[in-house]
Amino acid sequence: MSKDSSVKKNFAYQMIYELLILILPFVTSPYIARVIGADGVGNYSYTYTIANYFVLFAMLGIKNYGNRAIAQARDNQDKLNVTFSNILFVHIFVSLICCICYVVYVLFFATEKIYSLIQFSVVLGALFDISWFYFGIEKFKLTVLRSTVIKIINVICIFLFVNDSDDLWIYCLIMGLGSLISQMSLWIVLRKYVRILKPDKDSIKVHLKPMIVLFLPVIAISLYKYMDKIMIGMLSSKTQLGFYENAEKVVNMPVSIIGSFGTVMLPKMSNLASKSDNKTAIIYISQSMRYIMCLAFALSFGVASIGQTFAPVFWGDKFIPSGPLIVGLSFTIPFMSYANIIRTQYLIPHSRDKEYLTSVVVGAVCNIILNIILIPIYGAMGATIGTLCAEISVCLVQAFVVRKELPVLAYCKEAFIFLITGIIMFCIVWNIGHVMNPSVSVLILQVVCGVVVYGITAFIIFYRRKDNMLINILQKLKRH
């Protein structure tokens with residue numbers, strides 16, 4: 001088992017990796033918002049979301065299952081070769097079918113044919129996606145370095161070649177090719193870690209069933225992660241979708257930071273589960289809950305408090321409606337964080353796939369019903385309410401199904417103090433933005449005040465609890 005220091009390094013690498021996936025559209029979004037407008041952003045979001053649905057089917061639950069299976073087999077090279085080869089065969093076969101189906105969709109059903117055809121590069125990228133293998137063997141640094149270079153090139157290309165609303169197709173092409181090249185680059189060094197063998201029919205069947213089981217929650221999650229965008233485009237307007245798309249980009253940044261920790265811990269916890277080392281696993285979960293929930297409430301109330309200032313400053317006055325959407329979506333962060341820990345550190349590592357599936361199905365049903373009712377009336381805000389209710393329901397169901405194995409109420413009680421701290425920070429930062437006109441200086445002032453208020457309060461809380469990590473950090477600082 002890797003040392004604790006490796007968890008910190010892998011978390012840092014994975015956090016960078018997840019942020020890079022979002023940092024490109026986020027950093028360039030002020031420029032893109034002004035160049036192609038809300039309607040153009042909405043058109044991109046609509047066509048990309050549909051293409052991404054084909055990607056979800058192409059991946060067939062492999063992100064979580066492949067990560068877990070590789071982690072369980074990595075201590076035996078022969079077993080690793082066999083496991084990877086059989087999963088890879090299923091992945092390639094399913095991905096090719098999805099590529100063909102997407103081409104049929106573009107030719108006969110797509111309304112935005114040019115943009116949809118360009119988005120084929122996104123679907124094709126799924127065919128080459130083997131990041132799950134590197135995550136399983138905990139080679140996070142490799143994926144980060146390659147993605148970093150490609151993302152930087154993407155940013156440069158956007159500023160060079162996307163100059164007006166007629167260049168939307170160029171923007172789609174840059175984004176799609178960047179994703180495709182990033183996935184293909186991971187194959188260059190693959191032979192250093194694993195050999196591809198001839199697949200075995202019986203072994204393929206062994207992997208296929210759990211892959212499908214883990215694929216079902218992915219589809220269920222997509223119903224309130226991606227379907228809401230399609231529903232906004234269909235039941236409201238592309239402009240409303242543009243407001244929602246940008247608001248979601250802001251909230252996805254902190255969500256990715258927290259989600260990256262779950263990705264790092266999944267192979268480690270799967271490895272512990274295969275050894276029946278429940279004692280160590282419980283320790284990891286307790287520590288994760290303490291630090292992640294502290295971070296979750298900081299990010300949630302911090303983003304919510306600056307949302308109304310951030311939207312017009314970052315994207316211009318035309319995107320003022322994105323402000324309230326940022327506020328609403330940011331309150332999903334604590335619920336997503338709590339559920340992420342339970343899911344990636346207990347349910348999936350212990351193969352509790354049915355319970356995981358149940359939770360996300362409940363969330364999906366809740367979201368779709370609310371979207372159908374609220375989007376025609378409230379537009380993007382209706383989808384925001386549906387997403388918040390979905391995340392709350394998923395969190396509650398997952399907490400309920402593990403209540404006998406994990407002290408879920410104790411976790412909540414420990415996190416309550418951070419909820420109070422977040423509310424205090426929110427009130428202070430929100431009022432600063434409320435009494436002053438939106439500007440870059442006001443936004444910076446809000447961020448600084450939020451960091452200071454929450455940071456000092458969290459430090460006092462951990463110090464009074466004599467937290468081991470904080471004590472160790474202070475002792476190291478004293479030595480220097």
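A residue counts as exposed when its relative accessible area is over 50%. That cut-off is needed at two stops of this tour, which goes through a predicted model.

**First stop: Lys466.** Select Lys466, in the loop between helix 18 (440-464) and helix 19 (468-479). Is Lys466 buried or exposed? Its relative accessible area is 63%, so Lys466 is exposed. Now look at the backbone here: phi of Lys466 is positive, about 55 degrees, although the residue is not a glycine.

**Second stop: Ser276.** Next, select Ser276. This residue sits in the loop that links helix 11 (238-274) to helix 12 (278-315). Its phi is near 60 degrees, again a positive value in a residue other than glycine. Ser276 has 55% relative accessibility and therefore counts as exposed.

**Third stop: helix 12 and helix 17.** From Ser276, move on to helix 12, residues 278-315, and add helix 17, residues 408-435, to the selection. Two packed helices are described by the angle between their axes and the distance between the axes. For helix 12 and helix 17, the angle is about 20 degrees and the axes lie 8 Å apart. Angles under 35 degrees count as roughly parallel, so helix 12 and helix 17 are roughly parallel to each other. Turn the view to look through one helix at the other: helix 12 passes helix 17 in a right-handed crossing. Which kinds of residue make up the contact of helix 12 with helix 17? Colour the contact by residue type to find 18 nonpolar, seven polar and two charged residues.

Note on methods
Residues numbered from 1 in each chain as written. Predicted model: local features only at pLDDT ≥ 70, side-chain atom pairs only at ≥ 80, totals over all residues. Heavy atoms only, no water. Helix = DSSP H or I, 4+ residues; strand = E, 2+ residues; numbered from the N terminus. Buried < 20%, exposed > 50% of the residue type's maximum accessible area, 1.4 Å probe, protein only. Axes fitted to C-alpha atoms, helices over the stretch in contact; angles between N-to-C directions. Parallel < 35°, antiparallel > 145°, perpendicular 65-115°, else oblique. Left-handed = near helix turned anticlockwise from the far one by under 90°. Nonpolar A, V, L, I, M, F, W, Y, C, P; charged D, E, K, R; others polar.
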